[in-house]
Structure formats: structure tokens, C-alpha cells
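Q: Could you teach me how to read a few features of a fold, one at a time?

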Amino acid sequence: MPDLQFKATINGRKISRNAKPHQRLLDFIRDDLNLTGNKEGCGAGECGTCSVFVDGTLVKSCLLPVAKAQGTTIETIEALAKTGELSVLQKAFHKTGASQCGYCIPGMVMAATAALRTNPFADREEIKERLGGNICRCTGYQKIFDAVELARDVQNGTLPAAALLEDETEAGDFIGKNVHRIDTPSKVSGRLKYAGDMTMPGMLHVQVLRSPHAHARIVSIDTSAAEAMEGVAGVITNADVPGEDGFGVFVNDQPIMARSTVRYVGEAVAAVAAEDPLIAKRALSSINVVYEPMPAVFDPDEALRAGAPVLHDYAPDNVTKHIPIRVGDVDKGFAESDLVVEETYSTQQIEHAYLEPEAGLAYVDHDGVVTIVSPDQNITHHRHMLARIIAKPISKVRFIMSPVGGGFGGKEDMIYQGMLALLAMKTQRPVRLVFTREESIISTAKRHPSRTVLRMGLMRDGRIRSLQMKMICDGGAYGLSTEGVMRKAAILAAGPYVIPNVRVDTLGIYTNNTPSGAFRSFGALQTAFATESHLDICAERLGLDPFLIRRINAMRDGAMTHTKAKLGSVSLTRTLDALEKASGWDTGAPTSRGATRSDLNRPDIRPPCALGARLAAAEKQEAAE
Amino acid sequence: MLTCDEYITPASLDEAFDALAAHRGRYRIVAGATDTLPWAREGRAGDVHIPVLIDVTKIRELRDISVGDKRVRLGAVTPIQRFLDDKNLARSLPAMPRCAVWFADDQIRAQATIGGNIVNASPAADATPCLIAHEAEVELAKKAGGQIARRRLKLDQFVIGPNRTMLEDGELVLGVECDALPNYGGSFEKVGHRRSLVISLACLATLVKLDAEGRRIADVRLSLAGVGPKPLRLKSVEDFLRGGPVTAERFDQAAEMPVSLVDSRTRQEYRREVVRGFMLRGLINAARAAGAQPDVLAPELEAAYA
């Protein structure tokens, strides 16, 4: 494989290095030059966090073979604040709070820099369009657009440079004030190191072999060919687990790697640590796993039927957790009601899609402490579990939480940290695993898909007498946070409403789908979607305004919830007042009044986004000339 | 992950054909590479090893652009961004700037090429229907017996199906030549799952030339993609509209005509609705860009489809 002799000017310095002919520019700048400010979020040109300038043109470096950049001048995010002084744009991002997890931000700053270099007078619509190739998952785009507009105005002199400074606040008075986030400079400059940016001398690269089957018995695993490969430092399977295997949040039903059975497509089966990722990848393909496929079940209702495939011996009915709540006499409540409405609601599986795919670095330190650095949202719990799994005292296990490039609950599970620990112990060298986007999607937890049957009995005046809900959730192959999600779903099932008779059942069910886990709102979304949709339907049936039906049933200060929590203060009616006012709600039952509604197409409602802002701007300019 | 043993960047056509001959059966041509790299990933082609990648973006014949009164010649490696930067191109290819905006984001548009879009032959390719509406011909060349043999094919005959073209082994796309239509109004309508950087569920290129009074259609070109195995030129609709007045009624009738052509593998009902709407919106936008009299387009129609 003849290497390329690669010459370029990078961030003002001339370089001449060997590069692999297949390398992408992104790999070259991150791995070979250790310029890790620009990130890899997707590897497929979708997210834009890898954006760099090549001869002044912004490109996505994950889509650019390094050979294409031969002889060019390249600027990475590190070029913008070279001497430590942030650029005007970076300061503007700091001012407006346009960074949260920060993982998309280097690309956003680069795209914004390109936008203002191309058109220093770009309006907000054009800025939006020019940043269209960059995805953010947590900051929210408005603050980013605010930052670009602020930088534009400061650069053009229509705002003073002082506009970039932090708003003055009186001591201790921060609410409603624009306070600088202390971590923003590290994020807008690309200086912050996420786990995938970290390296250690002698570090090995890890790749994971994953199950192609949804449900199968592992007959045998032969790793001998992989072990014998040059450049391979260690191979692990479940047989390498020294202690009591099994992790989870409520039930420790998940092994570090599949033990005798695989239960979903994408489950880890073996892992390799090698001198470079390509060798590790090739070693994976030489591991021979013999599977004996077993019947699988993909629907929670089917998993509940007698004779359905059973995933875990301890749960022969496939029920991960059932949370029942009983208040009053629901049937009597229905009998007393003037109107009984029953509907079925469903919500789908959702991927968290944080911009930072999972990554971790592990090593055994000089005192024999197994150390894991990863964007782990639950390090203390994981530390205790891992100590048991690797049979070490807790003092010999350390978790370090690296900056989390977006989590939303999706990084609460110890999906890969165990494998890293085993490989660091086996090789006695630092090991690093960086997931691809595809790997992240296929193997990590998702939001629970749900199916809810909701029956509500109401009086003619809108008072709710009875609520009966049965929600069945697909928990996937392992327990993870399912129990907690079912609990919270049940607790919030009746909404913030006073209902005398309640019967709630939430069930998390094992299936051979990708495991479901924690995801922002943690079960509240599924039941609230059903309850709130149902209230709108009931309001329509009763001819009531949807705000009114909620006010009629609203909990007030001092209310008791259906799970016997006494609420000192309830903000629901204030929330409803604010919402009604802000939306300009056209009072009345939510029957279809179409275009005659007064609350549609108002000037203060953001119009749907459209493309072509730059063409309109060019036409305007031409007309002016 | 895409791996290769060698990455060759020929500087001339001769060098390129030498490389093609030397590595026959072991190479893949690369232009912008914006489709090649995502293709070689899990879920699509997976890990792919191609012994030799041959990058054609430095070859002069593939880079040259010329804009004449009658015809425009675009080198195969012309980046999509040129249709936004180059005013001559934008004037002669009036639907192209809007197509370019929809095509991808700023970064990918700088890298992706017109030739790559054609050769990929995606049923949802955005540039291809625009070029088909311009009566584009593909310039092809291969080296046989020491001589470079060139040929031309109409673009709508070159693309024969999903990811299939008439390109022969050892043959290169040098460029495309198409009609210069500077006095036409152009529009490009597209819908996908998001606004930026998305594959078309359906797209329509429309070009309209009006008579001197701005009331009748002197000529019209329509090409639809994303609704079947390959882009379609809508000649019978063009014939129906040509010479007729610009009226809401005529546009309504025309909008109905291609609806039955929807032959996609999925979401046919949705696409039929889209095609109907796009026909109206495309014709209105193109007629307006061509200088239609303000009174000929019914305001309510315009408002509904603007």
C-alpha cells in the first residue's frame, strides 16, 4: 500500500507527511496531526461538525479523501482562535449561549465563518440556509442564529464591540439575564477534548463484533485466527469476564458481551484491540461465531402471548416490569359518567441522536486501578457494577466522565465500558473505542415505543370521573431503565388533573428489538401524549374549549396526586394562562374551523422555512444596481 | 469504510486512460466523492476495498465550461456550486440556481459534481431533470487501439434505470452539452424529509418562455424525477401548453396530466398529490420568472402554491 507524500499548509504552517491513500482528510487532521477540534458526528456528510476550509472553501472533511487536499491551504477550527483570542464569531457564540454539549459547535462556527466571509451582510434567512448543512441536537438553532447576527453587526460596525461582552448583572440576580457559560470558550474553539479526541501513548484501537441475529444460541466462538494476526494485542469474549457478569439499572440482566445467547441485532459478541482500527476491523472478520438461530419476537403484544419465545429465564412471561396503580372505583366512575371515550394511542421508537457517538478510553494505571474515561451519564452506579463484574475491589475501579457530546439519557447505560475494562486488563495497554454513527444507532438504547388504551369517563360539565389506562411498552432485549420508565409513566399517567377514580397499568415487555432505555422525559412523553390528546378529543365531544376542560380538572395548590404525593404549589393554571395568551388561542371547542381561525398565520408565528434566501438577496441587489 | 491501495489523480485525459487500462477491473472513478464515501459504510455497501481510486477532477477537459448563445458545455467535474456563483451559467440555465440551492448544503455543493450526479443515476438525482429539460447530451470517451473514441448520447437515453447508465467499461464522462435558454423563466420544486441536504421524494424542473406580451406560452420544458426508476421529460404536457394562454385553468389541466406517471416503489399516493402541486407551482413560478403579466395568474392560485 504505497503511502501518499502529502503536502499542505495547515493553519498557516507547511506540513509534509505520509498519509494512507484511503484516508479521509478528517482522519488525517484528527489522528495524524492531533487537531481534534473538528469532530466526527456521522461520517456520512450529514452533520457538518467536521467542516473545514480547503483553499478557502468550506467542505465536509469526512467526505474528502486526503489526496484531494494535496497542495492546498487548510484551515481547521484551531485556526480561528490561534493565539487564544476568540474570533468575533466565537465571542458572539459565547455571548448568546450558543453552545450546550458543544459537539456540533466547531462545525457551526466554521459554517458561520464561511457564511459571513461569503456575505458579510447575510440576513437571518440566508444565515439559516448557509448553516443548513450542520445539525445541532441540543443547543437549539435560534441562539446560534442570534450569535451569527450579532457577529455580523459587530463586524459591520452597526453594533459596538461591547455588544459581545457579558450583560451586567447585579450581584446574585441571574434570572432572565444573559450569563456567560464558563465552558463555552473551550467549545467554540474546539479545545475541549471529548473521549474520542483523547489519546495516550501506546494506545490500542478497539472494534466490536456484533450479532447479525435477533435471537440465537451461540454454539461456539473461535478467535484463534484473530489472536494470531499481526498487530492484534487482545481479543475478548464473555469467557474473559472474571467476576459476576450482568449490568442494568434495576435488574442486572445484560452481560458485558453476549453469554451463550444473543438477544438483539447489534449485541456485542467479541471485541478486538489492535494497533490501528483497520487491523482491529480485519481481525473481527476472522472471528468465527457459530450461531443457532432461535424464534424471535418483535412485538410486545405477541411477546405476552402464551408460547411466545422467552428472552430471559427469570421472566417466563417476558414482563420486565408491571406498575399497577388503583385509586377509587373506576367502574363505578364510568357508570356515573355522562360520556365515556376510549381511544388507542401509540408512540414510536426514537433514537437520541446525540451528535457525539459513544467513545471511551480505558487503561490500568500504575496502582492497578482500572480506569474508564467515557461520556457516561451514571459513573458511580457503573463503577459499582463494574467492580463486581471484573472481580475487583471498588478502590481498584475508577470512572472519569468525559464531556458528554449530548446524552439525553442515551448514555446512562454501561453498554461498552465493560469491554474497554476487560481489554485494558488483558493487554495492559490503554485502549480506545469510538463508535461509528451506525454502531451507535444499532446497539444503544432507544425511547420505549408504546401502545396505550385510554378510557375516560366525564360529566357533561367537563369534570373527569374515571381514568383507565393500559400502556404496553416495548422494552427490547434487556431491562436497562425500563422499570423506572414504567414507574414514571404510571405516576404521570393521569396528568396534573384531579381524577377521583384511576386505574393505571404500565408494562415494559422484553422483545428481541434494540433495548429501550432512558430518554429525556423518561416515560412521561408516552402517557402525556395519550392523556393530553384524549382531553382534546373529549373537549371536542363535549363542545368545550380545550383550555377550559383542563382548567376545570386542574390540580391546584395543595392537591393530592393519584400516587398520594401532596403538591404544595401547582403551576398548571398559570402555565395554561401563559400558553393561551402567547398562542393567541381562538376560544372554542377544537372542532375544525379551518381557515376561519384567528390564531393561524399570524405575523408573530414563524413561517415554514424555505430555501432560496440567497437568490432573493441577489435579486434584490441586482434590482438596486 | 472505504479502503484502497492507491489513489491516482491523473492530470490529463491521456494519463487517465492509461490508468484505466493499467487497472482494468480494479478501479473506481472518483469525482466529488460525496456519494462514494457514504456508500462504503455499514448498512449500504459496508466495508469496501477498491484497489485503485482514480480521481478525475484535475483533468482539463472535464473542468472546462463554455457558455454560448445556443448551447452550454459543462465539464463533468463542474461543482454544483458553480450554478450559484457563475452569472453566465445562471442566466443560460434558469432552473439551475434553485436546483443548486436544493441540491445539498453549502459544503457538499462545493464538492459534488454534475458528472457524478449523472453517472450515479439515482432516480432522485436533482440535476439530471434540469439538464434533461435543456436537451442535454452526455459526452463520452474511451481509448481503443491507441485512439480516443468519443461519442454522444442524449441524457435521457444515457440514464436507463436506478444506478444504471449506458457507460461502457473503460469509458469516461467528459461533460454535458445542453441548450442555453436565457430568455426562459425557470423553477425547481423539490420535497424531501428536511429542507437542507435531503434526497428528493419528488422534484420537478420547469422552464417557460412567454410571447412578447407575456400572456401566451411560446415554449415550455418540464422534467420530473423521484417518482419512478428514472427522470422523465413531460413532452405531451409541453405540447398541450405550448402556444396556449397562461391561465389558471390551463395550468390546472396540465397539472393533472403527469399524475398517472408516478411509478415509485413507495408512497405513490403522496407522490401523486405532490406532482399535481409541483406542476402548478412550477408553472406559476417559471411563468412569473419569465415575466408573465401580473393579471394572467389568478392571485388565489398563486397564493396557494407560492
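Q: Is helix α17 of chain A well covered or hardly covered?
A: A residue is buried if 20 or more other C-beta atoms (placed from the backbone) lie within 10 Å of its own, exposed if 12 or fewer, and partly exposed in between. Helix α17(A) is hardly covered, with zero buried residues among its 12. Helices here are DSSP runs of H or I with at least four residues, strands are E runs of at least two, and both are numbered from the N terminus.

Q: Before we go on, what kind of model is this?
A: A predicted one: local features need pLDDT of at least 70, side-chain atom pairs count only at pLDDT 80 or more, and totals for chains, interfaces and linings use all residues. Residues are numbered from 1 along each chain as its sequence is written, while chains are lettered from A and ligands numbered from 1 in the order in which they are written.

Q: What span should α17(A) have?
A: Take 1.5 Å times one less than the number of residues. For residues 572-583 of chain A that gives 16 Å, and the end C-alpha atoms are 16 Å apart, which agrees. Next comes G584(A), with a positive phi near 60°.

Q: In what order do the strands of the five-stranded sheet run?
A: Strands pair if DSSP finds at least two bridges between them. This open sheet in chain A reads β2-β1-β5-β3-β4, with mixed pairing. Its edges are β2 (13-19) and β4 (57-60), each pairing on one side only. Strand β1(A), residues 4-10, pairs antiparallel with β2(A) over seven bridges, and Q5(A) sits opposite N18(A) of β2(A).
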